[in-house]
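User: I have a model open and would love to go through a few of its local features with you. Could you reason through each answer for me?

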Amino acid sequence: MKTKLKGQYVIGYNGEDHVILKDAEVVYEGTSIIYVGKEYTESVDETIDCGNAVISPGFIDLNALGDIDHDIIHVEADNEKSKNLLWSEKYMKNGPQEVMTEEEEAFKSLMPIAN
């Protein structure tokens, strides 16, 4: 399925540098970006007008990678395991406690960027 996204601003690459295109389009098919520019003339299966948006194809959300460890609990735990993920009585009484030091937290956040 070929999809065209239209937005007020698109961040593209002109072969030498990144550029900001006004009133531009991104076309992708599956997991591949096949066009970034102003006037894609071939037919598409779907057009989505994103309006006053910045479309930035190909970027990776490094912030999400730095904090992905906690999400495994929410996504990977099946019904049998998830019943053991409830808050303990101690937690309910004392509230949340930081597990990592500030240095450990900073290190955890920088690792995805360094790799």
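User: Which strand holds tyrosine 9, and what is its exposure class?
Analyst: Happy to help; bear in mind that this is a predicted model. Tyrosine 9 has its place in strand E1. Its relative accessibility is 31%, and the partly exposed class lies between under 20% for buried and over 50% for exposed. Therefore tyrosine 9 in strand E1 is partly exposed.

User: What accessible area does the nonpolar surface patch of Tyr9, Ile20 and Val54 have together?
Analyst: Tyr9 joins Ile20 and Val54 in this patch on the surface. Taken together, their accessible area is about 300 Å².

User: Turning inward, which elements give two or more residues to the largest nonpolar core?
Analyst: That core has 5 residues in all: Leu5, Val10, Ala24, Val26 and Ile55. Two or more of them come from each of strand E1 (2-13) and strand E2.

User: How is the ring pair of tyrosine 35 and tyrosine 40 classed?
Analyst: The count of aromatic pairs comes to 1. In this pair, the ring centres of tyrosine 35 and tyrosine 40 are 5.0 Å apart. Their planes meet at 50°, while stacked needs under 30 degrees and edge-to-face over 60, so the pair is tilted.

User: Is tyrosine 40 buried or exposed?
Analyst: The cut-off for buried is under 20% relative accessible area. Tyrosine 40 has 12%, so tyrosine 40 is buried.

User: What is the phi of aspartate 23, in strand E2?
Analyst: Most residues other than glycine have a negative phi. Aspartate 23, within strand E2 (residues 18-29), has a positive value instead, near 50°.

Terms used:
Residues numbered from 1 in each chain as written. Predicted model: local features only at pLDDT ≥ 70, side-chain atom pairs only at ≥ 80, totals over all residues. Heavy atoms only, no water. Helix = DSSP H or I, 4+ residues; strand = E, 2+ residues; numbered from the N terminus. Core = buried A, V, L, I, M, F, W, Y, C linked by side-chain atoms within 4.5 Å. Buried < 20%, exposed > 50% of the residue type's maximum accessible area, 1.4 Å probe, protein only. Patch = residues over 30% accessible without salt bridge, like charges linked within 9 Å, V, L, I, M, F, W, Y side chains within 5 Å. Areas by Shrake-Rupley, 256 points an atom, 1.4 Å probe, with all protein chains shown as cover. Salt bridge = Lys/Arg side-chain N within 4 Å of Asp/Glu carboxyl O. Phe/Tyr/Trp six-rings, centres within 6.5 Å; stacked < 30°, edge-to-face > 60°.
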